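Work through the exercises below with the model open. Each task is followed by a solution in steps.

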Amino acid sequence: MGFFFKYTSCQVTSLTNGYILIGGKECAYNSNFKLILHTKLANPHFPPELQAQTTLINFTVTPTGLEEQLLGQVVSRERPDLEELKMKLTTQQNHFKIELRRFEDDLLSRLSAAHGNFLGDIFLVEQLENTKTTAAHIQCKVAEARENERKINEARELYRPAAERASLLFFIIDDLSKINLMYQFSLKTFNSVFNKAMERAEWDEDVRTRVRSLTEAITYSVFLYTSQGLFERDKLTFLSHTAFQIQLKQKLIDIQELDFLLRYPVGASKVSPVPFLSASAWGAIKTISTIEGFSGLDRDIESSPNRWRKIVESSCPENERLPQDWKNMSSLQRLIILRALRPDRMTYTLRKFVEESMGAKYVDSARLEFEKLFEDSGPSTPVFFILSPGVDPLRDVEKLGLKLGFSIDQGTLHNVSLGQGQEIVAERVLRNASKHGHWVILQNVHLVAQWLPSLDALLETTAVVSHPSYRVFITGEPAPCPEQHVIPRGILENAIKITNEPPTGMNASLHAALSNFSQDTLDMCSREQEFNSMLFSLCFFHSCVTERRKFGPQGWNNNYPFSTGDLTISANVLYNYLETNTKTMQVPWEDLCYLFGEIMYGGHITDDWDRRLCKTYLQEFMHPKMFEMDLSLCPGFLSPPFLDYTGYHRYIDEHLPSENPTLYGLHPNAELECLTVTSDNLLKALLELQPQNSSRGEGAAQSTEEKVTSIIEDILDKLPEEYNMAEIMAKTTERNPYTLVCFQECERMNLLLAEIKKSLHELDLGLKGELTFSSRMENLQSALFMEQVPDSWARLAYSSTKTLAQWLNDLMCSCHELDSWTQDFVLPAVVWLSGFFNPQSFLTAVLQSIARKNKWPLDKMTLSVDVTKKMKDDFGHPPREGAYIHGLFMEGARWDTQAGVISEAVLRELTPAMPVLYVRAVPAEERDISNTFQCPVYRTKQRGHTYVWTLHLRTKQPAAKWIVAGVALLLSV
């Protein structure tokens, strides 16, 4: 796959006096000079001046072309007689055409050379008669050949389903690089998998049964080959995409319903008429009810709430039958409904969909043993281990090497850990190993980015003439983002890719943490009982902080590289401090907590709120109660008694509760949120994998250009006019803090509106061909098609995780708020804090206005917040000082309006809305912060960089409970 650039002299415009400019140098050239450039890039970008002087030949394989190639291979294997006969017929047809052409040319030549009456030329007349007879004979042969070809093609067509499936699968795996650039596959390796699959397929005399067997064997072999090199989080994406594409090809599902499932352009709702569904879920149900085939869904849920409640509250809703006539819905239609009812279970629902459409073996397949995977490797096919933290894949290589007679001791296995200056060593080892048939391990190739192109070429050259036992094993880490990807395409395409990921969960993590030590470690301290108990708590703390990362921003604002090194060094510090205080027999709790929380683990932490969480964990786990066996490390798991090393492992297996968020101090809703995010990311990845430029035929979804044009028109129709700042500023002479905030918001809104209009107009002209299409336009088009907020807009707006439609709806609401405010510049009765570009500026304005009014020093002021018992519509005018604000949501807990305190969250209510908050400024020394929780306010669920402010909220529980629960206020959900 790739492109040819044919650089011909007649097309070169920069020629002067027999010289051509190449690489910045003028070179003499021959008139027969031709330059052919080749690239493997699927969509190469070269300067316009280069493309203008070349002939671009695209020989990238197409689905139809590949299908014909593979059909030829299938028929060659299954019916070699048919394929041979077809080849003979093709050759014969070409021969007939050549003969006819030769006769015609000869006849025309004689006729043109004849003089006078050519009928008198007996030889010419005989020649004409012979030509006519021969032509008639050939025509008969051609007709006969065509009939034979038709029969052969009919026989070949029986095998087309296998070739069609194989072609589809190749383009599916070829698209996986959109998910992760490590997932690169070549047609050459695919052909190898394809041929081996045909060899393994079960034989049957019946052609149709044999073709079904071939199709299934090819599908399963490609699945096994591909999935071994995918991370666990991407395997279900690959399977779901495969299942959807196969069903689309077989016309078993509707493309428009699939498009709706993946895009999910649902509307918002303020309230839900049924208590078991959130407002957002009800908004989704109302939107679904407008689609053909789903009419009346909303009315059925309202009229039969108990039947639907059973599904919503089920632990496995994907296994429940839908009520009434909805039970007859197709699998895809069930997916659409369940995405509205239980978005957190979509991964399980998709897994069930794959199982029903493709078979249980695809979902339940066990990992292949390395020895089995090794069979497919060769001198030109290296093995590439995609690294994950905490896993050493090279143990399998060394174990198999010993079995086959390759080891470092024997000098037949060479292990090169790449880094500065090791490139030369690696090159020497590779050349030597290829001659003598040794194995070579190249570790951490991602560290030598500049040398990798040389490695790519070296692997290719050493494999050409090499010993058959020569093997290369490579390890490398995936890049954190596509821009930092450094592994060459050639290496990844030719290699067998293997991923190894460690088991996850508290049980596995706690066992792994404890495995860094031994019975000798437990025996080395003179204060044995204290050391053992504290070491176990330290291991539990390590497992908590590492496994908590899976809960995303609610776990940690940032992702920190906590490692076993932090644990082992902390254990050494613990040992030294206990030994130092042997005389006093005191445990320096504060010193140890400071060292662990601020230096060992805290040295990684860059966010203040994360640092607070780390310190809180240590205060909970490093406590004297552990010596009395009265310390609860998590609900249902007490600190263990004094045991030996094996006893601690046994204690974990016997007493640690099953995996759930409460092990980490989080509410069960944290798992629902985590599953919902995972499901959303999976469906987003599936949308990115969908073909964007294919014409799908009648009744199909719109093409990219049609859809984007429609979106452009829709946005431009809805977009309000920019604010006339001169006119607005002339409305009032007062320049108080609130008025200045209003001016600033209008100015920022103008910048955003201007950018939206300008970029959309440019893209519209580009799509019409009236403007050169730039990369900026391409990015904008892609974002609009994917229902995402374009980067050029997001940079001028505020942080948001919403879809494009939801983001535009918020934009309109913000404009409406500004319209009302700029009418008379009277502060709104209740201010929508979420609608500000800069909410901090408004909260600062509250401080400034009260400080000016009372002539208090601003640096001695602080915000005080009272949570009212009312919602926005209950207020008719603003307070005399300060402001009422709304639009906040609580994550990790809920606000108990009656008690006026933070309370335990309700299951499945992930982000309940807060009542209206009354904020005002008070002198810092007058604010009562006893029995309060210092609650951070963030713009979005991403937290971290979206931090806005800190509010003190009333609580009856210890603040530590809400800290480890990850409680925060959000402006947008």
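**Exercise 1.** Find how many cavities of 30 Å³ or more the whole structure holds, and describe the largest cavity.

*Solution.* Step 1: searching the whole of this predicted model gives five cavities of 30 Å³ or more. Step 2: the largest cavity holds about 140 Å³ of space. Step 3: its lining consists of 18 residues, and those closest to its centre are Trp609, Asp610, Arg943, Ile963 and Gly966. Step 4: assign the lining to elements; α26 (608–621), β20 (932–938) and α36 (959–964) are the ones that give two or more residues. Step 5: α26 supplies the largest share, four residues.

**Exercise 2.** State what share of the residues in the protein is buried, and what share of the contacts with a separation of 6 or more joins residues 24 or more positions apart.

*Solution.* Step 1: count a residue as buried when its relative accessible area is under 20%. Step 2: on that basis, 49% of the 973 residues are buried. Step 3: take the contacts with a separation of 6 or more; 73% of them are between residues 24 or more positions apart.

**Exercise 3.** Describe the secondary structure, extent, surface and charge of the protein.

*Solution.* Step 1: the protein has 36 helices and 22 strands. Step 2: along the principal axes, a box of roughly 130 × 80 × 75 Å is filled by the C-alpha atoms. Step 3: the accessible surface is about 48,400 Å², and carbon and sulfur atoms account for 51% of it. Step 4: there are 99 positive and 121 negative charges, and their mean positions lie 1 Å apart.

Technical notes:
Residues numbered from 1 in each chain as written. Predicted model: local features only at pLDDT ≥ 70, side-chain atom pairs only at ≥ 80, totals over all residues. Heavy atoms only, no water. Buried < 20%, exposed > 50% of the residue type's maximum accessible area, 1.4 Å probe, protein only. Contact = heavy atoms within 4.5 Å. Areas by Shrake-Rupley, 256 points an atom, 1.4 Å probe, with all protein chains shown as cover. Lys, Arg positive; Asp, Glu negative; His and termini not counted. Charge placed at Lys NZ, Arg CZ, Asp CG, Glu CD. 1 Å grid on protein atoms, 1.4 Å probe; cavity = no way out; pocket = protein on both sides within 12 Å on 5 of 7 lines; lining within 4 Å. Points joined across faces, edges and corners; volume = space filled by probe spheres on them.
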